[in-house]
Amino acid sequence: MSNNLVDMMRMNDVRKKVLITIGLLIVSRIGTVVPIPGIDPVILEAYFLSSAQSSTIGFTEYLNFFSGGAFSNFSLFMLGVMPYISTQIIVQLLMLVVPSLKKLAQDPHGSKKIQQYTRWGTIVVCLIQSFAVSVYATTIPEAIIMDRLPFTLVAMVTVTAGSMFLVWLGDKITQYGVGNGISLLIFAGIVARMPSAFSTLFSSIANGSLNWLAVIVVVVMYVFVVIMVVYEEKGMRKIPVKYAKRVIGNKMYQGGSNYIPFKINPSGVIPVIFASALLSFPLQIATKLPQSPGCPLSNYLHPVDYRFCFLLYSGKS
């Protein structure tokens with residue numbers, strides 16, 4: 001019985017694309033463990049392992065989810081490809097309100113200019129986010145081993161260069177590899193977090209904080225959600241199109257019928273990622289505001305902590 005995977009790898013073109021994709025993904029994973037200059041990785045690891053910074057860790061874990069743990073390492077690729085995705089969303093929204101951009105996008109040669117504008121916009125977004133990261137790093141005690149101004153400049157340059165390098169890797173995977181490069185980079189970052197997630201799961205089961213029944217229910221729900229997502233992604237509406245009879249030269253060709261495949265979900269997971277990023281901003285801002293002694297302001301943005309704060313202040317009244 002023949003193996004489809006082995007037969008596929010015997011084809012030179014397919015094998016070359018697969019190896020290029022794997023090699024570029026390995027390069028992207030190596031960059032997630034290389035810290036930016038001026039950071040002490042030992043102190044940084046100790047800080048993120050501390051349970052006293054629970055609110056900051058929660059936001060950090062959200063960023064680690066898309067960067068594959070690169071954010072907590074303060075690595076070259078700590079921002080991942082999220083600035084590029086954010087810029088793409090911004091450009092798409094601008095097309096709805098700026099007629100010139102919409103007209104340019106409809107031009108056959110305008111897509112290259114839109115892509116160029118997106119790249120320049122990505123650099124601006126990277127510089128803004130890298131500056132915010134450098135300010136965030138100053139809040140970690142003794143993590144910076146150089147002066148603040150040089151560290152800020154170095155961090156902005158290295159993190160921006162790292163994100164743009166990831167965008168370049170994604171383009172190369174799309175051009176010479178298999179599938180969409182940006183999506184594969186995000187997928188690789190998520191998969192890289194799975195071993196630690198399974199380790200946490202098994203340790204929780206071992207110490208009794210989770211039971212097997214809850215785990216089985218979660219696994220069944222996870223499989224069901226994956227099946228439904230795949231079913232939705234493959235779903236399409238076939239819009240019928242009928243062609244009239246045509247006369248070409250001295251011959252008449254009979255009209256035919258066909259259909260236009262219209263996907264049910266053409267935008268994929270981009271709206272979900274964008275909505276998650278928007279919802280995370282209030283929590284991050286609230287953690288930096290002055291906190292009340294009884295109940296921090298950030299707790300109001302968490303369902304469980306919100307009930308605790310409500311009961312706390314109700315008891316005081």
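**Exercise 1. Describe how strand E1 is covered and how E1 is paired in this predicted model.**

Solution.
- Strand E1 spans residues 236–242, and among its 7 residues the count of buried residues is 0, so the strand is hardly covered, given that buried means under 20% relative accessible area.
- The partner of E1 is strand E4, residues 257–263; the two pair in the antiparallel sense over 7 bridges.
- As for the register, Lys242 stands opposite Ser257 in E4.

**Exercise 2. State how many helices and strands the protein chain has, what share of its residues counts as buried, and what share of its contacts comes from residues 24 or more positions apart.**

Solution.
- The protein chain has 13 helices and 4 strands.
- Its length is 317 residues, and 29% of them count as buried.
- Take the contacts with a separation of 6 or more: residues 24 or more positions apart account for 63% of these.

**Exercise 3. Find which elements have the lowest and highest mean pLDDT, and where pLDDT stays under 50.**

Solution.
- Begin with the chain: its mean pLDDT is 76, and 76% of the residues reach 70 or more.
- By element, helix H8 (residues 148–176) has the highest mean pLDDT, 90, and helix H13 (residues 303–316) the lowest, 44.
- Over residues 303–317 pLDDT stays under 50, and the model has 12 contacts beyond four places in sequence for this stretch.
- Residues 51–56 also stay under 50; for them the model has 4 contacts beyond four places in sequence.

**Exercise 4. Determine how the axes of H2 and H8 are oriented and which residues meet between the two helices.**

Solution.
- The axes of helix H2 (residues 12–30) and H8 come within 9 Å and cross at roughly 170°.
- Angles over 145 degrees count as roughly antiparallel, so H2 is roughly antiparallel to H8.
- On the H2 side, the residues in contact are Lys17, Ile20, Thr21, Leu24, Leu25, Val27 and Ser28.
- On the H8 side, they are Phe165, Leu166, Leu169, Lys172, Ile173 and Tyr176.
- Sorted by class, this contact has 9 nonpolar, 2 polar and 2 charged residues.

**Exercise 5. Decide whether Ser163 and Thr122 are buried or exposed, and list what each touches.**

Solution.
- Ser163 lies in helix H8.
- The relative accessibility of Ser163 is 2%, so Ser163 counts as buried.
- Leaving out residues up to four places away in sequence, Ser163 touches Leu76, Leu79, Gly80, Pro83 and Cys126.
- Thr122 lies in helix H7, residues 110–137.
- Thr122 has a relative accessible area of 1% and is therefore buried.
- With residues up to four places away in sequence again left out, Thr122 touches Pro83, Tyr84, Thr87 and Met164.
- Pro83 appears in the list for Ser163 and in the list for Thr122.

**Exercise 6. Locate Asn64, say whether Asn64 is buried or exposed, and relate its position to that of Gly80.**

Solution.
- Asn64 belongs to helix H4, residues 54–67.
- Its relative accessibility is 0%, so Asn64 counts as buried.
- Apart from neighbours within four places in sequence, Asn64 is in contact with Gly69, Ala70, Phe71, Ser72 and Arg193.
- Gly80 is 16 residues from Asn64 in sequence, and the C-alpha to C-alpha distance is 9.3 Å.
- Gly80 is also one of the residues that Ser163 touches.

**Exercise 7. Explain why the phi of Phe74 deserves a comment, and say where Phe74 is found.**

Solution.
- Most residues other than glycine have a negative phi.
- Phe74 is not a glycine, yet has a positive phi of about 50°.
- The residue is found in the loop between H4 and helix H5 (82–97).
- With a relative accessible area of 0%, Phe74 is buried.

Definitions and conventions. Residues are numbered from 1 along each chain as its sequence is written. This is a predicted model: local features need pLDDT of at least 70, side-chain atom pairs count only at pLDDT 80 or more; totals for chains, interfaces and linings use all residues. Side-chain values use heavy atoms; hydrogens and water are left out. Buried means under 20% relative accessible area, exposed over 50%, partly exposed in between (1.4 Å probe, protein chains only). Two strands pair if DSSP finds at least two bridges between them. pLDDT is the predictor's confidence in each residue, from 0 to 100. Contact means heavy atoms within 4.5 Å. Axes are lines fitted to C-alpha atoms, for helices over the stretch in contact, and angles run from 0 to 180 degrees between N-to-C directions. Angles under 35 degrees count as roughly parallel, over 145 as roughly antiparallel, 65 to 115 as roughly perpendicular and the rest as oblique. Ala, Val, Leu, Ile, Met, Phe, Trp, Tyr, Cys and Pro count as nonpolar, Asp, Glu, Lys and Arg as charged, and the others, Gly among them, as polar.
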